[in-house]
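Good morning, everyone, and thank you for making time for this. Please have a look at the chain on the screen, and I will then walk you through it slowly.

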Amino acid sequence: RDVSMKSNDYFEFPFDIDMYPYTAKGLAEAEGEIVEEESEMTMECSEEGTTSSTGYSLSAIVVHQGHANGGHYYSFVKQKSVDGSQRWHRFDDMEVTPFVMSANQMDHMFFGGDSLTAGRTRSKRWNSAYLLFYERKDFGAFSPKPAPEMPIHVRRAVQYTNAIHAHQRSHFCPEYFGFLRNVFAMAQPKSDTITDTEKQIMMRALRLVVPFLFAIGLRCESSLRGLSQNWIWPLINILRVHTEGRVWFCNYLLSYPELMAEFLFECPEADVRHMFAVMLSHLCLMTMADGPFRLPQEPAKDASRYGFAVFREMQERSMS
């Protein structure tokens, strides 16, 4: 039966290549034929009327890693600067990183074939070049028309999208979640009596972690955020000993009344709903002796506003 197969045989290709032997004139010379210099068949002219070059240099590579029925594609592209310098970059999904192109790297990354392991045994390489892109060397000698300036509304839209993407990457990573958990852990009270310095540390921890927690953290998958109790109990411990922190937290909840319905009824995670209810119960008991306080006139001016903007942006993209 017919079975798809990928050829991983060793295949070496150069940085530079001269295509003259494969042109009509080059083939004619190889056959011993005489070709007139001004023949239309052999004279290829550039836009400026000069004979075009037959020399080409490698400008991009597409690599396939895997077998015929599956795998992964990534690319390497050469960037040319105005000063004439050249740099290679690797494009791998969302990651773009500098890459040092060398003969050793080319043999390891692109040529396929076998490689020697630490035990001096041969193993098959599953990554090899799939597509090669060469650019004519005299292409840079042309004078292309300058690119039109990007309209200001397009530039602003691109900048906004890039900012959202950058913040999403920083928010939705295990390192950032771990950092905020450590902030909460360092701010935990050691006794029921706290000093002014400890109060300041706890208030800063609340202002940093709480907006993130309710705008993003508790809305993520458990594989990223961990158990919700590992966030809620440290919060309760701080609120228990910090009167000003309780007032600030109550103002925060009242500034975003939709949080009640979202985390008590609409949240699909049972442990998050349960811990949110536990937190409200403890908050009610703790604030009974605090007396009345002034209701907020407008939403809290902190990072939560941006956090909700990021989450709403994700929701709209997922629905579109």
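I will begin with the chain as a whole, then turn to its cores, its helix pairs and a few single residues.

Please keep in mind throughout that what you see is a predicted model. The chain has 320 residues, of which 34% count as buried, and it is built with 11 helices and 8 strands. If we take the contacts between residues at least 6 apart in sequence, 65% of them join residues that are at least 24 apart. As for the outside, the accessible surface comes to about 21,000 Å², and carbon and sulfur atoms account for 56% of that area.

Let us now go to the inside of the chain. The largest nonpolar core consists of 43 residues, and those with the most contacts inside it include Leu206, Val210, Leu235 and Met279. At least two residues of this core come from each of the helices α4, α5, α7, α8, α9 and α10, and which of these helices gives the most? The answer is α5, with 10 residues. Apart from this core there is another one, made of 13 residues, with Tyr74, Phe76, Phe99 and Phe111 among them.

Two residues of the largest core are worth following by eye. Leucine 235, if we leave out residues up to four places away in sequence, touches Phe184, Leu206, Val210, Phe214, Phe249 and Met279. Methionine 279 sits in helix α10 and has a relative accessible area of 0%, so we call this methionine buried. With the residues up to four places away again left out, methionine 279 touches Phe214, Ile232, Leu235, Ile236 and Phe249. Methionine 279 and tryptophan 233 are separated by 46 residues in sequence, and yet their C-alpha atoms are 7.9 Å apart in space.

How, then, are the helices arranged? I have chosen two pairs, and both of them involve α8. In the first pair, α5 and α8 pack at an angle of about 20°, with 10 Å between their axes, and they are therefore roughly parallel to each other. The crossing of α5 past α8 is right-handed, and the residues making the contact include Leu206, Val210 and Phe214 on the α5 side, and Trp248, Phe249 and Tyr252 on the α8 side. In the second pair, α7 and α8 pack at about 120°, with their axes 5 Å apart, so these two helices are oblique to each other. Here Leu235, Leu239, Arg240 and Val241 of α7 meet Thr243, Gly245, Arg246 and Phe249 of α8.

Finally, I would like to set two loop residues side by side. Serine 228 is placed in the loop between α6 and α7, and is this serine buried or exposed? Its relative accessibility is 2%, so serine 228 counts as buried. Leaving aside neighbours within four places in sequence, serine 228 is in contact with Leu218, Asp271, Val272 and Met275. Aspartate 93, for its part, lies in the loop between β4 and β5, and at 66% relative accessibility this aspartate counts as exposed. Most residues other than glycine have a negative phi. Aspartate 93, although it is not a glycine, has a positive phi of about 55°.

Thank you for listening, and please do ask about anything that was unclear.

Note on methods. Residues numbered from 1 in each chain as written. Predicted model: local features only at pLDDT ≥ 70, side-chain atom pairs only at ≥ 80, totals over all residues. Heavy atoms only, no water. Helix = DSSP H or I, 4+ residues; strand = E, 2+ residues; numbered from the N terminus. Buried < 20%, exposed > 50% of the residue type's maximum accessible area, 1.4 Å probe, protein only. Contact = heavy atoms within 4.5 Å. Areas by Shrake-Rupley, 256 points an atom, 1.4 Å probe, with all protein chains shown as cover. Core = buried A, V, L, I, M, F, W, Y, C linked by side-chain atoms within 4.5 Å. Axes fitted to C-alpha atoms, helices over the stretch in contact; angles between N-to-C directions. Parallel < 35°, antiparallel > 145°, perpendicular 65-115°, else oblique. Left-handed = near helix turned anticlockwise from the far one by under 90°.
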